[in-house]
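Q: Please take a close look at one part of this model, the second largest pocket. Which residues lie nearest its centre, and what is found in the rest of the fold?

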Amino acid sequence: MKRPDGPVAVLGLGTMGTGLATRLLDQGIQVRVWNRTAERTAPLAQAGAFAAAHPADAVEGTSAAICTVADGEALGAVLRGPDGVLAGGPYPGALVCASTVAPDEVVRLTGDTHSVLDVGMLGNREHARTGELRLFVGGEERVFTAGRPLLELLGKEVVHLGELGSGMRMKLLLNLLMGIEVQALAEAVELAAAAGLDRKLVLSTIAGSGFASPVMAFKSKRLAAGRFDKPDFRLRLMAKDLMLVADQAAAAGLRLPLAAAAAETHVRATEQGRGDDDCVAVAHALTPNPGTRT
């Protein structure tokens, strides 16, 4: 397999960014990393990455830069801020936007940048570390072809969907399904508990049934254990993505009742202080006395 032509920068070291940087290091790629809170760079620096003080420093001499920050505001700061990737002019390498933002935001922030891809990532931290992600990519065909060797180091499936923004559109659709499925699971369990059924028995029954998607079966274990820490996907990020879906639907003139309901519930759970918990903590927004669950 052809490999990237030079060092790769990873900007943003949350769950996925750390996994991607680790994967690249394990594959013998030179990696330069940056994170808003610098202490997160330490483990990767010990593993051989160069820890940069700011994004512009991180991308110096690299052939590609992967942005994995939390939202559009953070992506704007990384790209267009005073020490941003594009602050000193065009970036000569491939700019890979793997942050989940509005599709139009990718186009607006990257402007006339020569080589840009937006990548929707499907998978968790372990998939990122082991190169088992599924990657859905938007951008020009020539840019995709040039960037494919890097993407194939990171994902077991790499799909080019079309124009820039297409990767984000697919990612938002997938997160819409996940948000609705996890909320449906939580609602079923809350109703069961209110009717006097054993919560753990109900969860194991759902997880083993033909009605459960893989994500339901996976999240049922968290609900059964009441474990919301060390999130696979933070609830506040799911709430953000569901609000982006609502914006996309409104722009298209579509009415999506399930999407609207899921967005409202996730926002309410975030407002209850659950934003940094795993997204399955949406269950806490379904009852007036969430602390009483057993």
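A: The second largest pocket of this predicted model has a lining of 13 residues. Nearest its centre lie Asp5, Ser63, Ala94, Ala146 and Gly147. The space in this pocket comes to about 270 Å³. By class, its lining splits into 7 nonpolar, 3 polar and 3 charged residues. Helix α7 gives the most to this lining, with 5 residues.

Helix α7 leads on to a cavity. It spans residues 141-154 and is one of the elements that give two or more residues to the lining of the largest cavity. The others are β6 (116-122) and β7 (133-138). The structure holds 1 cavity of 30 Å³ or more. The volume of the largest cavity is about 50 Å³. Its lining consists of Leu20, Ile66, Val96, Ala98, Val119, Met121, Leu133, Leu135, Leu151 and Leu154. By class, that makes 10 nonpolar residues, with no polar and no charged ones. The lining of the second largest pocket, by contrast, includes 3 polar and 3 charged residues.

Next, the strands around α7. From β7 the chain passes through α7 to β8. This β-α-β crossover is right-handed. Strand β8 covers residues 155-162. It runs parallel to β7, and 6 bridges join the two. Leu135, one of the residues lining the largest cavity, stands opposite Val158 in β8.

Now the whole sheet. It is open and has 8 strands, in the order β3-β2-β1-β4-β5-β6-β7-β8. The pairing is mixed. Strands β3 (50-51) and β8 are the edges, each pairing on one side only. At the β3 edge, 2 bridges join β3 to β2 (residues 31-34). These two strands run parallel. Val33 has Ala51 in β3 as its bridge partner. In a regular strand, side chains alternate between the two faces of the sheet.

The cysteines come next. How many disulfides are there? The count is 0. Take Cys67: its closest cysteine sulfur is in Cys97, at 5.1 Å, which is too far for a bond. The cut-off is 2.5 Å between sulfur atoms. Cys97 is likewise in no disulfide, as its nearest cysteine sulfur is that of Cys67, 5.1 Å away. Are these cysteines buried or exposed? Cys67 has 0% relative accessibility, so it counts as buried. Cys97 is buried too, with a relative accessible area of 0%.

One backbone detail remains, in a loop. Most residues other than glycine have a negative phi. Lys230 is not a glycine, yet its phi is positive, about 45°. Lys230 sits in the loop between α10 (214-225) and α11 (235-252). With 62% relative accessibility, Lys230 counts as exposed. Cys67 and Cys97, in contrast, are each buried at 0%.

Back to the pocket, in brief. Helix α7 gives 5 residues to the lining of the second largest pocket. The same helix gives two or more residues to the lining of the largest cavity. It also forms the middle of the right-handed crossover from β7 to β8.

Methods:
Residues numbered from 1 in each chain as written. Predicted model: local features only at pLDDT ≥ 70, side-chain atom pairs only at ≥ 80, totals over all residues. Heavy atoms only, no water. Buried < 20%, exposed > 50% of the residue type's maximum accessible area, 1.4 Å probe, protein only. 1 Å grid on protein atoms, 1.4 Å probe; cavity = no way out; pocket = protein on both sides within 12 Å on 5 of 7 lines; lining within 4 Å. Points joined across faces, edges and corners; volume = space filled by probe spheres on them. Helix = DSSP H or I, 4+ residues; strand = E, 2+ residues; numbered from the N terminus. Nonpolar A, V, L, I, M, F, W, Y, C, P; charged D, E, K, R; others polar. Pairing = 2+ DSSP bridges. Right-handed = clockwise from strand over helix to strand, strands pointing away.
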